[in-house]
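Please load the model in a viewer and keep the selection panel at hand. The tour proceeds from open pockets to enclosed space, and then to a single residue and a ligand.

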Amino acid sequence: MAKIEIDGKEVETLQGETIIQAADRIGAYIPRFCYHHKLSIAGNCRMCLVEVEKAPKALPACATPVAEGMKVFTKTAKAMEAQKAVMEFLLINHPLDCPICDQGGQCELQDLSMGFGADTSGFIEIKRAVPNPDLGPLIATDMTRCIHCTRCVRFEEEIAGQRELGAMFRGEHMEITTYVKHTVKSELSGNAIDVCPVGALTSKPFRFKARAWELTQTGSIAPHDCLGSNINLGTLRQELLRVTPRENEAINEIWLADRDRFSYVGVHSSERVLLPMIKKNGEWQKVSWQQAFEVALESLQKVLNKSGAESFGALVSPSATCEEHYLLQAFMRGIGSNNIDHRLRQQDFSDQQAAPLMPTLGVNINDIPLQNAILLIGSNIQKDQPIAGLKVRQATLKGTKVFAVNQLDYHFNFKVAEKLIVKPKQMVVALASIAKALSILTNQDHAAKTLFADVVVSAEAKAIAEQLCAAEKATILFGLQACNHSQAGLLRQLAALIAELSGKTLGFLSEGSNAQGAWLAGCVPHRRAGGQLLIKPGLNAAEMFQQQLAAYLLLGIEPELDCADSTQALTALKQAECVIALTAFVTDRMKEYATVILPIATFGETSGTFINITGEWQSFSGVVSPQGEARPAWKVLRVLGNVFQLEGFNYVASEEVLEQLRQIAATKVFSVKKNPLATFAIGPVDDNHLQRITEVPIYSIDSLVRQSEPLQVMQQNEKLTALRVNKHTAEKLHLKAKQMVTVKQVGSLTMPVEIDERVPAGCVLIMGGIKETVPLGAAQGLVEVLG
Amino acid sequence: MVKTIIRIIKSFTLWELFAGLLLTGKYFWKRKFTVQFPEEKTPVSPRFRGLHALRRYPNGEERCIACKLCEAVCPALAITIDSEQRADGSRRTKSYEIDLFKCIYCGMCEEACPVDSIVLTDMSHYHIAERGENILTKEKLLAIGDKYEEQIAAAREEEGRYR
Ligand code: SF4
Ligand code: SF4
Ligand code: SF4
Ligand code: FES
């Protein structure tokens with residue numbers, strides 16, 4: 001709480017602050033390169049030298065702690081001279097060819113050399129040259145430009161939690177590189193581009209495409225996870241060229257996941273549908289919107305007349321906007337069908353009546369690092385919601401204990417204090433044993449006690465229970481793998497029980513960017529918009545495929561990749577008489593089952609609203625016009641409503657739809673039917689069969705990322721099409737690594753074996769969400785391995 | 001009174017007519033300075049700012065590195081550049097267009113160019129007959145550069161002394 005003076009201005013400083021932090025707070029500018037307010041202090045560039053009264057030499061402002069009565073001068077002759085001298089040294093080895101550098105116009109070195117650089121140099125010797133390491137398809141390197149501030153190294157180590165970059169050699173020979181040649185794998189690696197003050201690290205997909213000064217920046221919301229990271233879209237002449245993070249301390253701070261940063265490349269994919277298409281006599285024809293709507297009306301009306309509205313179902317992406325969700329459910333209910341769902345990967349819907357209005361995190365995003373303990377249930381938080389993973393990591397650095405109950409032993413970038421890695425079938429038992437341990441520990445005479453009589457409390461479960469109880473602040477996070485588990489309902493009840501017994505909060509992480517909006521807008525079979533209960537609920541996502549309806553409407557999805565059971569989805573769609581697909585991308589498989597394809601706008605092209613996991617409504621607008629004849633999905637749905645002569649489809653702007661949804665959300669009374677945990681059965685654990693565990697790779701979660709070429713290249717080397725087993729299982733089955741085997745589930749597929757110690761014994765891990773594994777079928781099922 | 005008398009005399013002797021004819025006669029016998037355009041041309045300053053050109057290096061490589069400084073500096077927003085990474089990894093323009101209807105021939109683009117790529121030649125004799133011809137594309141600009149390189153280089157050489 002020392003009082004200091006900066007350039008004659010008095011400043012109250014905070015405990016442990018350095019001069020530069022105090023100066024930044026009052027807006028006194030001190031030039032800097034290595035100092036970054038989100039990273040640790042390195043003090044190695046010396047650009048921030050300032051004069052301090054009574055100090056014989058200029059001192060680095062970023063590394064000098066404040067002291068009572070200190071008098072700092074940032075613009076005196078002495079300070080300026082020191083800063084100019086540092087700049088001269090920095091420019092000695094830096095190439096002076098800004099015109100061909102991609103950072104030109106957004107470069108901190110360029111800016112500061114305008115203020116502190118000399119226009120001539122006394123250096124006539126040869127400049128050094130440094131080889132460029134290949135960091136993969138996302139980051140372009142130009143290491144001769146590096147000024148060794150080590151921001152990227154500190155970012156990788158402190159924020160991303162992966163030591164992938166480092167400084168090698170010393171003095172003039174210093175190089176920033178990977179120790180062993182490899183691509184940078186961190187899911188947050190793109191942020192190194194932002195922290196690098198010069199053009200040493202730049203974005204590869206954006207390379208040489210445009211200058212920073214000519215881009216129009218418009219705020220938007222990231223479309224791939226439930227946090228709703230704030231972003232800026234950079235456009236030039238109606239083309240989306242760049243996505244960068246927009247600072248929002250409450251959500252993503254200044255960071256952004258690579259998935260959100262580079263998925264925009266998919267917008268320009270060659271698989272974009274540019275014109276409406278209809279299937280005529282088995283041939284695809286490009287037609288006008290008018291014709292396409294006519295065909296849609298005709299073929300759907302035929303089905304409705306024949307088999308009634310109950311045989312018509314709609315499946316929608318959880319990443320569609322609130323407006324689209326609302327209009328789609330209005331359309332379906334207008335036609336008389338309640339078969340609508342966004343929970344595509346879910347398998348168990350048993351507790352849907354008891355679900356809250358929408359899944360929420362329970363705490364604020366920024367409260368995650370403040371917890372003393374975090375229990376992850378079925379969550380690969382680091383890959384599923386990278387920014388949330390970053391917060392959990394921040395927490396562990398402060399000493400938070402993280403516990404994980406998972407089906408796979410994920411290699412998180414944070415320390416996991418206790419973990420229970422169990423087979424999918426035993427997830428329930430694992431949670432029950434924690435619940436039992438808690439009820440014994442807290443001495444609560446819960447009805448559950450009798451239910452769990454057979455459950456054995458393992459040492460890990462006991463340890464988790466004890467530490468969870470002991471923590472002053474703790475939260476339980478229910479992840480996607482738990483949510484998509486075949487006993488998800490039971491797991492959710494057990495998680496709630498654990499929260500109740502320990503007195504901690506329970507939060508949910510949800511699929512896609514707007515599952516909240518989907519719940520609220522009524523894209524579920526059992527509730528209307530605003531959560532009003534329906535007396536007779538429609539079919540859920542799984543039932544719609546099981547019962548093989550006569551007509552389907554798909555919005556922004558590829559069911560064989562986005563749904564829980566790929567083969568079931570494909571069979572159902574192929575037998576259907578009418579499939580109307582509203583989609584931005586068309587695949588060969590889609591051409592096999594669709595009747596009408598209506599091209600819709602995708603990321604950056606449509607206005608809309610996402611509700612994030614903390615209930616924040618974040619609206620955004622379209623920044624480029626949709627390609628070809630594509631139209632925003634809300635407009636297509638609105639016209640579809642008109643074509644079917646439904647009431648109330650007269651909106652002229654997406655804001656009107658949003659306004660209506662807001663009104664419904666504000667006025668409608670929402671109620672749930674809670675059913676107590678009455679039944680509890682430990683399913684028979686079949687040890688002779690191999691249980692399939694499915695993971696959706698980080699860059700396969702929705703159609704936009706699947707279309708983004710650099711992200712696909714990122715995971716090309718990951719050997720996604722493989723049968724992963726641990727060593728123990730491999731020995732038991734006499735399998736060797738790299739051996740080709742035939743895997744039989746619904747269909748069969750030949751793939752190599754990979755030894756993966758993350759997989760529990762008796763289980764195999766096969767990726768989902770990728771084209772190659774579609775023939776296999778359901779995400780959880782029994783497989784056979786034929787040598 | 002006197003003035004009126006002088007006026008009367010002048011008008012009756014056709015004085016002004018003869019004064020005028022005297023001037024005509026003077027020029028009639030003088031040396032003529034009419035330039036017979038287009039057979040003849042007036043000399044042009046090396047600083048003249050006419051039609052644009054994109055130059056190449058002697059080895060044939062185009063000079064332009066797509067830095068977009070000319071585009072940024074152009075006060076008339078006459079230049080439009082699309083840049084890309086060429087197969088060999090270098091920074092190049094995908095398209096480079098100057099709209100002659102917008103251009104005010106200020107020469108700022110030439111001043112801004114770090115590699116002496118875009119230049120204003122001394123050509124002023126061109127016309128635009130059809131819509132669309134006002135856009136100078138990269139191919140046209142390079143062709144102009146190729147054709148007049150000698151002249152362009154000579155003019156820069158001469159001007160270089162004053163820079
Ligand atoms: S690559 Fe960039 S961030 Fe990393 S040390 Fe060099 S200049 Fe700093
Ligand atoms: S001469 Fe002037 S107006 Fe014409 S293109 Fe160059 S900078 Fe623009
Ligand atoms: S003409 Fe010159 S200034 Fe313009 S983009 Fe090319 S190199 Fe840059
Ligand atoms: S900013 Fe202070 S030494 Fe680099």
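Begin with the second largest pocket, which holds about 740 Å³ of space. A pocket here is an open set of points on a 1 Å grid over the protein atoms alone, with protein on both sides within 12 Å along at least five of seven lines; a cavity is a set where a 1.4 Å probe fits but cannot get out, and lining residues have an atom within 4 Å of a point. Grid points are joined across faces, edges and corners, and a volume is the space filled by probe spheres set on the points.

Select A:Glu108, A:Ile193, A:Asp194, A:Val195 and A:Pro245, the closest to the centre of this pocket among its 33 lining residues. Two or more lining residues come from each of α5 (191–195), β9 (201–203), β12 (239–245) and α6 (258–262) of chain A; helices (H or I, at least four residues) and strands (E, at least two) are DSSP runs, numbered from the N terminus. The lining comprises twelve nonpolar, ten polar and eleven charged residues.

The model is predicted: local features need pLDDT of at least 70 and side-chain atom pairs pLDDT 80 or more, whereas totals for chains, interfaces and linings use all residues. Residues are numbered from 1 along each chain as its sequence is written, chains are lettered from A and ligands numbered from 1 in the order in which they are written, and side-chain values use heavy atoms, without hydrogens and water.

Move next to the largest pocket, of about 870 Å³. Closest to its centre, of 30 lining residues, are A:Lys185, A:Lys383, A:Ile698, A:Glu718 and A:Arg758. Helices α9 (381–384) and α24 (709–716) of chain A each give two or more residues to the lining.

For enclosed space, turn to the second largest cavity, with a volume of about 430 Å³. Its 27 lining residues include A:Ser319, A:Ala320, A:Ala601, A:Thr602 and A:Phe603, the closest to its centre.

Now select A:Ser513, in the loop between β21 (505–508) and α16 (515–521) of chain A. Is A:Ser513 buried or exposed? A:Ser513 is buried (under 20% relative accessible area, 1.4 Å probe, protein chains only), at 1%. A polar atom of its side chain lies 3.2 Å from the backbone oxygen of A:Pro223.

Finally, display ligand 1: A:Cys146, A:Cys149, A:Thr150, A:Cys152 and A:Cys196 come nearest of the 13 residues around it, each residue having a heavy atom within 4 Å.

Note on methods. Buried < 20%, exposed > 50% of the residue type's maximum accessible area, 1.4 Å probe, protein only. Polar contact = N/O pair within 3.5 Å; in protein donor to acceptor, adjacent residues only side chain to side chain. Nonpolar A, V, L, I, M, F, W, Y, C, P; charged D, E, K, R; others polar.
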